[in-house]
Amino acid sequence: MAGKSRGFGISASIAGDWKATAVRASIDKLIYQMVFPYLGVYLVGLGASGAALGLANGLGMGLSAFYGLFGIWLMHVEGLKRVYLGGILMTAFAYLLLGLSPGWVLAASGIVAWWWGSAESGLCCNVVCGGSLKNEIRATAMGMCESVAQGTMSFLGPLLGAAVIGLVGVGVSGSPPPSALRPLFYLAAAGEIGCFIYLGRSLAGEAWKPEKTRGAFKPLSLAFGSFRRAFAEPRLRRFILISCLGSLPTGMVLPFTQLFAAQAKQAGAYTLAAMATASAIVSLVAGVPLGRLADIVGRKKTLFALAPFFLASNLLLVFARGPFFLVVSGICLGVYPVIQVIQAAMGFELVKSEDIGGWMAVLRFFRLFVGAALAILSGLIWDSLGGKW
């Protein structure tokens, strides 16, 4: 490494680490997009109710929220690389558990494990990204990662998933049964193992070496210290509130979008894949120019301009009559990942480099905690009123 670190979370030059984690994030997105269109359908096919689906996502998000507070301590003690690799292994285990599940209870445990691994690896990814990019190019670079790299994989993921289901030969024209979906989770687990091997060889992590300081109360002191710093500044408090509002779809809408399309709109496997692919195309095409626009004209103006598209995606989904409008709904939904990237870029700029890790942990805690509550609420609403209501 050419640059020197002044402490945990700071590095003058870790471009290589940023590239490595961008590659890994892109492969992870390919894997996730391959299984996402069918995840809710899979659990319901195994006997889960809407409440069970919401509870699984809510519990996973809730545990991930609390884990994030201690994740920074783990990075202090074990080093970022070891924690990062541990998160990837947990994600691989989650996909394997989903594939092997004979019933919905074990599959729901797989979803909880996925949220845990995703939180662990995602936090490390954020720390690397936040410590690597300068403010003036952050939204552009993150938009490039989201669109050119992850966007391309998001486009290919649903196509790959549909192709695998087609090879199995069942469930293509209608809602696919669990037997047609299990190979997707086995393939996903193998892909995450590949990420583990790649990142183990490519990530240097010189700027985030483990410290020697240990102690029973160290996690609590770091967590409370991060909370104290976050709530000491009004602008950080406001951003926490805005971020929680912006993350509502993560818990309330996205876990049920594909399930709603399948059950209420009779969408088949190819239509579900087309919806996810349409969203990915928008992220791929618009991610870089919208990120650049946010860097030039301002983050807030760009976010206000994009918000109506997300609203339109939900209205189209509810009132859709036929596959065409479902795919158009997916197109409008494609702005949501771009909104998240721009919002994340704003969050990085509010604190000093050495405080990014703790700040991201606090921010993720509140976002995931709110999302967990909403996921459980959405599941109860689904069972009480019905998906077609």
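These questions and answers concern a predicted model of one protein chain.

Me: How many helices and how many strands does the chain have?
Reply: The model is predicted, and the secondary structure is read from it. Strands number 0. The count of helices in the chain is 15.

Me: What percentage of the residues count as buried?
Reply: The chain has 389 residues. Buried here means under 20% relative accessible area. By that cut-off the buried share is 55%.

Me: What share of the accessible surface belongs to carbon and sulfur atoms?
Reply: The accessible surface of the chain comes to about 16400 Å². Carbon and sulfur atoms hold a share of 70%.

Me: What percentage of the contacts with a separation of 6 or more joins residues 24 or more positions apart?
Reply: Take the contacts in the chain with a separation of 6 or more. Then keep those between residues 24 or more positions apart. They account for 85%.

Me: Which helix gives the most to the largest nonpolar core?
Reply: The largest nonpolar core has 103 residues. One helix, residues 104-132, gives the most to this core, with 13 residues. That helix is α4.

Me: Which residues does W359 contact, leaving aside its neighbours within four places in sequence?
Reply: W359 is among the residues with the most contacts inside the largest core, as are Y38, L43, Y95 and L98. With sequence neighbours within four places set aside, the partners of W359 are A230, L236, F239, I240, G347, L350 and V351.

Me: Which residue takes part in both salt bridges, with D28 and with E192?
Reply: The count of salt bridges is 2. In one, D28 is the acid, with the closest N and O atoms 3.3 Å apart. In the other, E192 is the acid, and the closest N and O atoms are 3.9 Å apart. D28 and E192 are linked in a network with R24.

Me: Why are R24 and D28 separated by about one helical turn?
Reply: R24 and D28 both lie in helix α1. Both are buried. They are about one helical turn apart because their spacing in the helix is 4 residues.

Me: Which helices does the salt bridge between R24 and E192 link?
Reply: R24 and E192 form a salt bridge. The pair links distant parts of the chain, 168 residues apart. Both residues are buried. R24 sits in helix α1, and E192 sits in helix α6.

Me: Is the ring pair of Y32 and W114 stacked or edge-to-face?
Reply: The model holds 8 aromatic pairs. In this one the ring centres are 5.5 Å apart and the planes meet at 20°. Planes under 30 degrees apart count as stacked. The pair Y32 and W114 is therefore stacked.

Me: Is W114 buried or exposed?
Reply: Its ring partner Y32 has a relative accessible area of 25%, so Y32 is partly exposed. Y32 and W114 belong to one aromatic cluster with F36 and W115. W114 has a relative accessible area of 15%. W114 is buried.

Me: What angle lies between the ring planes of Y42 and F185?
Reply: Y42 and F185 form an aromatic pair that is tilted, 4.6 Å centre to centre. Y42 in helix α1 and F185 in helix α6 are 143 residues apart. Y42 is buried at 0% relative accessibility, and F185 is buried at 1%. The angle between the planes of Y42 and F185 is 45°.

Me: Which helix supplies the largest share of the nonpolar patch on the surface?
Reply: The patch is formed by L55, L59, L63, I376 and L380, with about 410 Å² of accessible area together. Helices α2 (50-78) and α15 (356-385) each supply at least two residues. L59, at 45% relative accessibility, counts as partly exposed. The largest share, 3 residues, comes from α2.

Me: What distance separates the C-alpha atoms of A373 and G58?
Reply: A373 lies in helix α15. A373 counts as partly exposed at 45% relative accessibility. A373 and G58 are 315 residues apart along the chain. Their C-alpha atoms are separated by 6.1 Å.

Me: Which loop holds Q266, whose phi is near 55°?
Reply: Most residues other than glycine have a negative phi. Phi of Q266 is positive. Q266 counts as exposed, at 56% relative accessibility. Q266 lies in the loop between α10 (254-263) and α11 (269-297).

Note on methods
Residues numbered from 1 in each chain as written. Predicted model: local features only at pLDDT ≥ 70, side-chain atom pairs only at ≥ 80, totals over all residues. Heavy atoms only, no water. Core = buried A, V, L, I, M, F, W, Y, C linked by side-chain atoms within 4.5 Å. Buried < 20%, exposed > 50% of the residue type's maximum accessible area, 1.4 Å probe, protein only. Contact = heavy atoms within 4.5 Å. Patch = residues over 30% accessible without salt bridge, like charges linked within 9 Å, V, L, I, M, F, W, Y side chains within 5 Å. Areas by Shrake-Rupley, 256 points an atom, 1.4 Å probe, with all protein chains shown as cover. Salt bridge = Lys/Arg side-chain N within 4 Å of Asp/Glu carboxyl O. Phe/Tyr/Trp six-rings, centres within 6.5 Å; stacked < 30°, edge-to-face > 60°.
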